[in-house]
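Colleague: I should be grateful for a close look at a single part of this structure, with an account of the elements around it.

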Amino acid sequence: MELKGQIEEFIYQNEANSYSIAVLETENQDMITVVGYLPFIAVRRHSKINR
């Protein structure tokens, strides 16, 4: 599964290992919570996330 959109906010982000909980707004304007190791991702930056 691939999600495309932009990170709206980080709920949690571990600075040591980039483990994060974030809210992604998809191209369809759905809000999805994503969890995992998300290095190099910033708020309001367009991203693709693969499962």
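How much space lies in the largest pocket?

Modeller: The model is predicted, and the values given here are computed from it. The largest pocket holds about 180 Å³ of space. Its lining consists of 13 residues, and those closest to the centre of the pocket are Leu3, Val34, Val35, Ile49 and Asn50. By character, the lining divides into eight nonpolar, three polar and two charged residues.

Three strands each supply at least two residues of this lining: E1 (2-13), E3 (31-37) and E4 (46-50). The largest share comes from E3, with six residues.

The pairing of the strands shows how these parts of the lining are connected. E1 and E4 run antiparallel and are joined by five bridges. Within this pair, Leu3 stands opposite Ile49 of E4; both Leu3 and Ile49 are among the residues closest to the centre of the pocket.

On the path from E1 to E3 one meets strand E2, residues 19-26, which is antiparallel to E1 and joined to E1 by seven bridges. Here Tyr12 stands opposite Ile21 of E2. E1 and E2 form a hairpin with five residues between them, and Ser18, in the turn, has a positive phi of about 70 degrees.

E2 in turn pairs with E3, again in the antiparallel sense and over seven bridges. Ile21 stands opposite Val35 of E3, and Val35 is another of the residues closest to the centre of the pocket. Ile21 thus has a partner on either side, namely Tyr12 and Val35. E2 and E3 also form a hairpin, in this case with four residues between them; Gln29 in its turn has a positive phi of about 65 degrees.

One further residue of E1 deserves attention, namely Glu8. Glu8 counts as buried because its relative accessibility is 16%, and the cut-off for buried is under 20%. The side chain of Glu8 makes a polar contact with the side chain of Arg44, at 2.7 Å. Leaving aside neighbours within four places in sequence, Glu8 is in contact with Val23, Glu25, Met31, Val43 and Arg44. Of these, Val23 and Glu25 fall within E2 (residues 19-26), and Met31 falls within E3 (31-37).

To return to the request, the pocket of about 180 Å³ is lined in part by E1, E3 and E4. E1 is joined to E4 by five bridges and to E2 by seven, while E2 pairs with E3.

How values were computed: Residues numbered from 1 in each chain as written. Predicted model: local features only at pLDDT ≥ 70, side-chain atom pairs only at ≥ 80, totals over all residues. Heavy atoms only, no water. 1 Å grid on protein atoms, 1.4 Å probe; cavity = no way out; pocket = protein on both sides within 12 Å on 5 of 7 lines; lining within 4 Å. Points joined across faces, edges and corners; volume = space filled by probe spheres on them. Nonpolar A, V, L, I, M, F, W, Y, C, P; charged D, E, K, R; others polar. Pairing = 2+ DSSP bridges. Buried < 20%, exposed > 50% of the residue type's maximum accessible area, 1.4 Å probe, protein only. Polar contact = N/O pair within 3.5 Å; in protein donor to acceptor, adjacent residues only side chain to side chain. Contact = heavy atoms within 4.5 Å.
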